Amino acid sequence: MTMLRTIVGLIAALFAIASPAQPAAAQDYPTRPIRVIGGASAGGTSDVFMRALAEELHKGLGQPIVIENRPGGAFNIGARACAEAQPDGYTFCLLPAEPLVFNQYLFKNLPFDPAALVPVTQLFTIVQALVVSSALNVKTVPELVALSKARPSTLSYSAGSVPFGVFFERLKKETGADIIRVPFRGGGEAVTALLSGTTPVGFYGISNVRSHLEAGSVIGLMVDSDKRSPLFPGIPTVPEATGLPYDSRSYYGLLAPPGTPKAFIARVQAEVARIEREPEFRKRYLIERGLDPVASAPDEFARVIRDDRVVAAQIVKEAGLEPQ
């Protein structure tokens, strides 16, 4: 009995010592730099935002935030790098809806499991605009459709996101518009083609073409948000411009490798939400850049992803897209 009591006492002592260790570890976190894997190219809307956010996170968390861009492969390269990273709370990833929601229906074999990535927070939704080169001399979607019919197989467009590409193909079916889709590697290349007139129609984040809209070199025909953008209130929404619904907003979120401790995820999410609530940051890096702030809780972001997967499956099926 004495030996048994001794063993029980030792076990109790070990638990007494170990139990406070987990909260202490969470409280001390982080103790070294945090890496954020970006699925997009450097210099784009999401990258610029993340670098600004990283500076503020450095202040709040006390450790540097290192951005590591892994573009390409329809964002699958960055998503795979995140999925394969150590789940120690020192790697997060910045990804859009494509690898989380759409790519599982568009690729026969994904190099990662989208459902395994752990949602941290939906950072923002992107206000995107359908714009045309001013050289086309059209100011509405019906005018663009009429021009494409008058000049069959001569107009082309680009779309930076799967939802907008699918929507535009649906619009073509509904209206008989004759506009060919042209893929580009990045937004900068696509905007250059827009301005030169070689691909005079495109869907872009409104911040990417803001200066060109203000200068009048491109014309905005519609935006994908549920209300008009405060930056360009004269541009109608998709339903106003076309009479068609649009139910798949583009967004970026922070995610973590499978198995990342919840306490670390909660700490990062709380800091992001605090930063996005700050009026100066919110105005300068979100509103002024055509981004709608979100900073949702992990479970809220998880619900958005689940719901979007249902919508994505339906959109891809209706569009007749086959996995490649």
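Trainee: Which residues have the most contacts inside the largest nonpolar core?
Mentor: This is a predicted model, in which local features need pLDDT of at least 70 and side-chain atom pairs count only at pLDDT 80 or more, while totals for chains, interfaces and linings use all residues. Residues are numbered from 1 along each chain as its sequence is written, and side-chain values use heavy atoms, with hydrogens and water left out. A nonpolar core is a set of buried Ala, Val, Leu, Ile, Met, Phe, Trp, Tyr and Cys residues joined through side-chain atoms within 4.5 Å; buried means under 20% relative accessible area, exposed over 50%, and partly exposed in between, with a 1.4 Å probe and protein chains only. The largest core has 35 residues, and those with the most contacts inside it are Phe49, Leu53, Phe92 and Leu254.

Trainee: Which element gives the most to this core?
Mentor: Elements here are DSSP runs numbered from the N terminus: helices are H or I with at least four residues, strands E with at least two. Those giving two or more residues to the core include strands S1 (34-38), S2 (65-69), S3 (91-96), S4 (118-126) and S10 (250-256), and helices H11 (262-277) and H12 (279-285). With seven residues, the top contributor is H3.

Trainee: What span does H3 reach from its first C-alpha to its last?
Mentor: The expected span of a helix is 1.5 Å times one less than its number of residues. H3 has 17 residues, and its reach is close to the expected 24 Å. Its buried residues include Phe49, Leu53, Leu57 and Leu61. The span itself is 24 Å.

Trainee: Which strands are the edges of the six-stranded sheet?
Mentor: Two strands pair if DSSP finds at least two bridges between them. The sheet is open, with mixed pairing and the order S2-S1-S3-S10-S4-S11. Strands that pair on one side only are the edges, and these are S2 and S11 (291-293).

Trainee: How many bridges join S4 to S11?
Mentor: S4 is mostly covered, with eight of its nine residues buried. On its S10 side, the pairing is antiparallel over seven bridges, and Val118 has Ala256 as its bridge partner. Towards S11, Ile126 stands opposite Leu291. S4 and S11 also run antiparallel, and the bridges joining them number three.

Trainee: At about what angle does H11 run to S4?
Mentor: Axes are lines fitted to C-alpha atoms, for helices over the stretch in contact (heavy atoms within 4.5 Å). Angles run from 0 to 180 degrees between N-to-C directions. H11 lies across S3, S4, S10 and S11, and its angle to S4 is about 20°.

Trainee: What is the handedness of the link between Cys82 and Cys93?
Mentor: A disulfide is a pair of cysteine sulfur atoms within 2.5 Å. Cys82 and Cys93 form one, with their sulfur atoms 2.4 Å apart. The angle about the S-S bond is -65°, and the link is left-handed.

Trainee: How many residues apart in sequence are the parts that this pair ties together?
Mentor: Cys82 counts as buried at 0% relative accessibility, and Cys93 is buried with a relative accessible area of 0%. Cys82 lies in helix H4 (residues 76-83) and Cys93 in strand S3, so the disulfide ties together parts whose separation in residues is eleven.

Trainee: Which strand residue in S9 is the bridge partner of Leu130?
Mentor: Leu130 belongs to strand S5 (residues 128-133), where both faces are covered: Gln128, Leu130 and Val132 on one side and Ala129, Val131 and Ser133 on the other are all buried. S5 pairs in the antiparallel sense over five bridges with S8 (residues 201-205), and over five bridges, again antiparallel, with S9 (residues 218-223). In S9, the partner of Leu130 is Met222.

Trainee: Which residue in the loop between S2 and H4 has a positive phi although it is not a glycine?
Mentor: Most residues other than glycine have a negative phi, and most peptide bonds are trans. The residue in this loop has a phi of about 55° and counts as partly exposed at 35% relative accessibility. It is Ala74.

Trainee: What is omega for the cis peptide bond that joins Tyr29 and Pro30?
Mentor: Pro30 lies in the loop between helix H2 (21-28) and S1. The bond from Tyr29 to Pro30 is cis, and its omega is about -5°.
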